[in-house]
Amino acid sequence: MITNLFKSLFSFNLATLIGGLVGLIMYANYTGSMPLPPLLFSQKLYLVCFIFVLMFHFFLWIFLDKASFFNFKNRIRELLVDYICLMFMLTCSCATAFLFNTFY
């Protein structure tokens, strides 16, 4: 089980692409009007991202799994992996854009 978790965590997910794009959009929107670190330390950001990932996996559970509990454990694992990847890519892309803006 731990091996499958690490394989899914370090494989390419849709959440990694979305996290990178959202991080760059957040950096572009908030650097002029609001400093970036308070936004990254706010709990609202993490709650909103978790709600979006939860809604996405809820719709996948309904339409792909037909709302059965047969594959529910894997669906929960994929939800956690997508949330971790989304938050990791969001913070990394914001930090990278901040560093590029600072030094170049």
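What percentage of the 104 residues of the chain count as buried? The answer is 30%. Keep in mind that this is a predicted model. The chain has five helices and zero strands, so the run of elements from the N terminus is simply α-α-α-α-α. Much of what follows is about helices H4 and H5 and how they meet.

**Overall layout**
- Take the contacts between residues at least 6 apart in sequence: 76% of them join residues at least 24 apart.
- Helix H4 covers residues 43–63, while helix H5 takes in residues 72–103.

**How H4 and H5 pack**
- A pair of packed helices is described by two things, the angle between the axes and the distance between them.
- For H4 and H5, the angle is about 145° and the axes are 10 Å apart.
- Their crossing is right-handed.
- By class, the H4–H5 contact has 14 nonpolar, two polar and three charged residues.
- On the H4 side, the residues involved include Leu45, Tyr46, Cys49, Val53, Leu54, Leu60 and Trp61, along with Phe50 and His57.
- H5 brings in, among them, Phe72, Leu79, Tyr83, Leu86, Met87, Leu90 and Thr91.
- The charged residues Arg75, Glu78 and Asp82 of H5 are also part of this contact.

**Two H4 residues up close**
- Phe50 sits in helix H4 and is partly exposed, with a relative accessible area of 29%.
- Setting aside neighbours within four places in sequence, Phe50 is in contact with Leu79 and Tyr83.
- Phe50 and Asp82 are 32 residues apart along the chain, yet their C-alpha atoms are separated by 9.4 Å.
- His57 is another H4 residue, but this one counts as buried, at 4% relative accessibility.
- Not counting residues up to four places away in sequence, His57 touches Arg75, Glu78, Leu79 and Asp82.
- From His57 to Glu78 it's 21 residues in sequence and 8.3 Å in space, C-alpha to C-alpha.

**The salt bridge**
- The salt bridge count comes to one, and the partners are Glu78 and Arg75.
- Their closest N and O atoms are 3.1 Å apart, which puts the pair inside the 4 Å cut-off and is why it counts.
- Both partners lie in helix H5, three residues apart, or about one turn of the helix.
- Is each partner buried or partly exposed? Arg75 counts as buried, at 9% relative accessibility, whereas Glu78 counts as partly exposed, at 32%.
- Both also turn up in the list of residues that His57 touches, so the salt bridge pair is in contact with a buried H4 residue.

**The cysteines**
- How many disulfides are there? The count is zero.
- Why no bond between Cys92 and Cys94? For Cys92, the closest cysteine sulfur is the one in Cys94, and at 9.6 Å it's too far for a bond.
- The view from Cys94 matches: its closest cysteine sulfur is in Cys92, 9.6 Å away, too far for a bond.
- A disulfide needs the two sulfur atoms within 2.5 Å, so a pair at 9.6 Å doesn't qualify.
- As for accessibility, Cys92 counts as partly exposed at 29%, while Cys94 counts as buried at 0%.

Note on methods:
Residues are numbered from 1 along each chain as its sequence is written. This is a predicted model: local features need pLDDT of at least 70, side-chain atom pairs count only at pLDDT 80 or more; totals for chains, interfaces and linings use all residues. Side-chain values use heavy atoms; hydrogens and water are left out. A salt bridge is a side-chain nitrogen of Lys or Arg within 4 Å of a carboxyl oxygen of Asp or Glu. Helices (H or I, at least four residues) and strands (E, at least two) are DSSP runs, numbered from the N terminus. Buried means under 20% relative accessible area, exposed over 50%, partly exposed in between (1.4 Å probe, protein chains only). Axes are lines fitted to C-alpha atoms, for helices over the stretch in contact, and angles run from 0 to 180 degrees between N-to-C directions. A crossing is left-handed if the near helix is turned anticlockwise from the far one by less than a right angle, and right-handed if clockwise. Contact means heavy atoms within 4.5 Å.
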